[in-house]
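Me: I should like to go through the terms applied to this structure and the values behind them. Please set each value against its definition.

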Amino acid sequence: MEHPENSVEYAGLQVNAGVEQPQSVNPYLRQMRKRRQVLFTVSEYVEGILRGDVTRLSQAVTLVESTLPEHQVVAQEVIEKCLPYSGNSVRVGISGVPGAGKSTSIDALGVHLLDRMGGKLAVLAIDPSSEKTKGSILGDKTRMEKLAVHPKSFIRPSPTAGSLGGVARKTRETIILCEAAGYNHVFVETVGVGQSETACHSMVDFFLLIQLAGTGDELQGIKRGIMEIADGIVINKADGDNVDRAELAASHFRNALHLFPLPESGLVPEVRCYSGFYELGIDEVLDMIGRYIDHVKETGFFQYRRNEQAKYWMYESINEQLRNGFYFNPRIRELIGPTEQQVLGGQVTSFVAAKRLVDEYYAEIKD
């Protein structure tokens with residue numbers, strides 16, 4: 001086929017080679033990756049945290065959450081050096097059923113708190129991970145639109161990654177770093193109603209339970225375990241046509257609280273109605289928290305609770321160290337697979353197999 005460009009009238013036409021196409025992959029990506037892996041010294045982390053450097057604080061929290069042994073060594077030294085500068089905040093745990101509006105409420109409560117009292121606020125959100133992929137969305141910041149851009153707030157979502165106890169301990173250590181960085185208000189948001197509430201209660205000064213009204217039988221929300229550890233209960237979404245239902249639910253909760261023994265604090269938990277989305281009744285909720293904190297500080301229960309929590313986490317750390325020492329022991333890792341097969345094959349019971357492994361572990365560490 002004859003091409004027109006080969007015609008004599010186009011003899012003077014010159015075709016350039018064109019511009020060389022750049023690489024599809026950023027050539028600096030490898031250098032960026034290397035740069036991110038550089039660890040600072042313990043003193044550099046501590047100095048950055050004490051001067052309120054958010055970037056250095058975030059990097060230190062990443063070390064705390066890391067499972068690498070070399071990261072844990074540095075993280076524990078950083079925590080130890082920051083410990084004298086911690087303990088000067090009011091820690092509030094916030095929990096509730098999924099969809100109760102925890103993140104929206106934290107956004108409203110946090111902004112009002114900073115406007116009223118000043119200071120700095122750290123929000124530590126524990127986000128559930130997938131049991132299959134171990135992945136987590138970590139999307140709490142998307143629901144905290146005002147706090148996410150507030151210059152005096154620090155939001156840090158952390159995945160459970162299948163280990164609630166470990167994340168709870170790391171959250172407590174993160175609180176220490178945030179307090180050392182000058183955050184005098186700390187919010188800890190949990191994944192929902194369950195075991196995480198007990199862990200959260202063991203690291204905060206005030207435990208706030210968020211409930212909903214108009215979602216069915218109100219008595220479903222009155223669960224003895226979660227009600228006994230709540231220091232205050234709030235009914236969210238008390239707006240529009242839902243106000244009367246919220247007030248009715250609040251009266252049910254107040255009546256139920258009188259059936260429980262008096263808490264150690266000596267205060268019967270207050271029940272309030274509010275709307276996190278429309279920011280109605282937010283100041284009343286903050287006043288409720290303030291009254292509780294003032295009371296327990298006057299009676300000495302505030303410091304007593306902090307001491308009990310420190311003792312609790314000492315024993316929890318011992319349990320975790322023993323558990324890790326057992327499962328990471330080379331001899332146990334060698335035996336645990338065949339022993340599991342014996343249990344599945346019906347050759348030994350689960351209890352006998354466990355005792356054999358534990359005895360083998362003690363014999364191993366004794367040698």
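Me: Why does Lys237 count as partly exposed?

Reply: The model is a predicted one, in which local features need pLDDT of at least 70 and side-chain atom pairs count only at pLDDT 80 or more, while totals for chains, interfaces and linings use all residues. Residues are numbered from 1 along each chain as its sequence is written, and side-chain values use heavy atoms, with hydrogens and water left out. Buried means under 20% relative accessible area, exposed means over 50%, and partly exposed lies in between (1.4 Å probe, protein chains only). Lys237 has 37% relative accessibility, and therefore counts as partly exposed.

Me: Where does Lys237 lie, and what is notable in its phi?

Reply: Lys237 is in the loop between strand 6 (232-235) and helix 11. Helices (H or I, at least four residues) and strands (E, at least two) are DSSP runs, numbered from the N terminus. The phi of Lys237 is near 65°, a positive value in a residue other than glycine. Glu279 also has a positive phi, near 55°, and is placed in the loop between strand 7 (270-273) and helix 12 (282-299). At 29% relative accessibility, Glu279 is partly exposed.

Me: How many helices and strands are there in the protein, and what share of its residues is buried?

Reply: The protein has 15 helices and seven strands. Of its 367 residues, 42% count as buried.

Me: What makes a set of residues a nonpolar core, and which residues have the most contacts inside the largest one?

Reply: A nonpolar core is a set of buried Ala, Val, Leu, Ile, Met, Phe, Trp, Tyr and Cys residues joined through side-chain atoms within 4.5 Å. The largest has 48 residues, and those with the most contacts inside it are Ile49, Leu57, Val78, Leu177, Met227, Ile233 and Ile235. Its largest share, six residues, comes from helix 11 (residues 243-257). A second, separate core of 32 residues includes Ile94, Ala108, Val111 and Phe301. In soluble globular proteins, nonpolar side chains tend to be buried together.

Me: Which residues does Val78 touch, leaving out residues up to four places away in sequence?

Reply: Contact means heavy atoms within 4.5 Å. On that basis Val78 touches Val42, Tyr45, Val46, Ile49 and Leu177.

Me: Why is Ala250 called buried, and what is in contact with it beyond its neighbours within four places in sequence?

Reply: Ala250, a residue of helix 11, has 0% relative accessibility and so counts as buried. Apart from those neighbours, Ala250 is in contact with Ile235, Val271 and Cys273. Ala250 and Val271 are 21 residues apart in sequence and 6.1 Å apart in space, C-alpha to C-alpha.

Me: How do you know that the span of helix 5 agrees with its number of residues?

Reply: The expected span of a helix is 1.5 Å times one less than its number of residues. For the 16 residues of helix 5 (residues 102-117) this gives 22 Å, and the end C-alpha atoms are 21 Å apart, so the two agree. Helix 5 is mostly covered, with 12 of its 16 residues buried; among them are Lys102, Asp107 and His112. Gly118, whose phi is positive, near 70°, follows helix 5.

Me: What makes the pair Asp205 and Arg306 a salt bridge, and why does the pair tie together parts apart in sequence?

Reply: A salt bridge is a side-chain nitrogen of Lys or Arg within 4 Å of a carboxyl oxygen of Asp or Glu. The side chains of Asp205 and Arg306 meet at 2.8 Å, N to O. Asp205 lies in the loop between helix 9 (195-201) and strand 5 (206-211) and Arg306 in helix 13, so the pair joins parts 101 residues apart in sequence. Asp205 and Arg306 are both buried.

Me: Why are Glu334 and Arg331 said to be separated by about one helical turn?

Reply: Glu334 and Arg331 are three residues apart in helix 14 (residues 330-344), and therefore about one helical turn separates them. Their side chains meet in a salt bridge at 3.0 Å, N to O. Arg331 is partly exposed, at 26% relative accessibility.

Me: Why is Lys355 called exposed?

Reply: Lys355 has a relative accessible area of 52%, and so is exposed. Its side chain forms a salt bridge with that of Asp359 (2.9 Å, N to O). Asp359, at 38% relative accessibility, counts as partly exposed.
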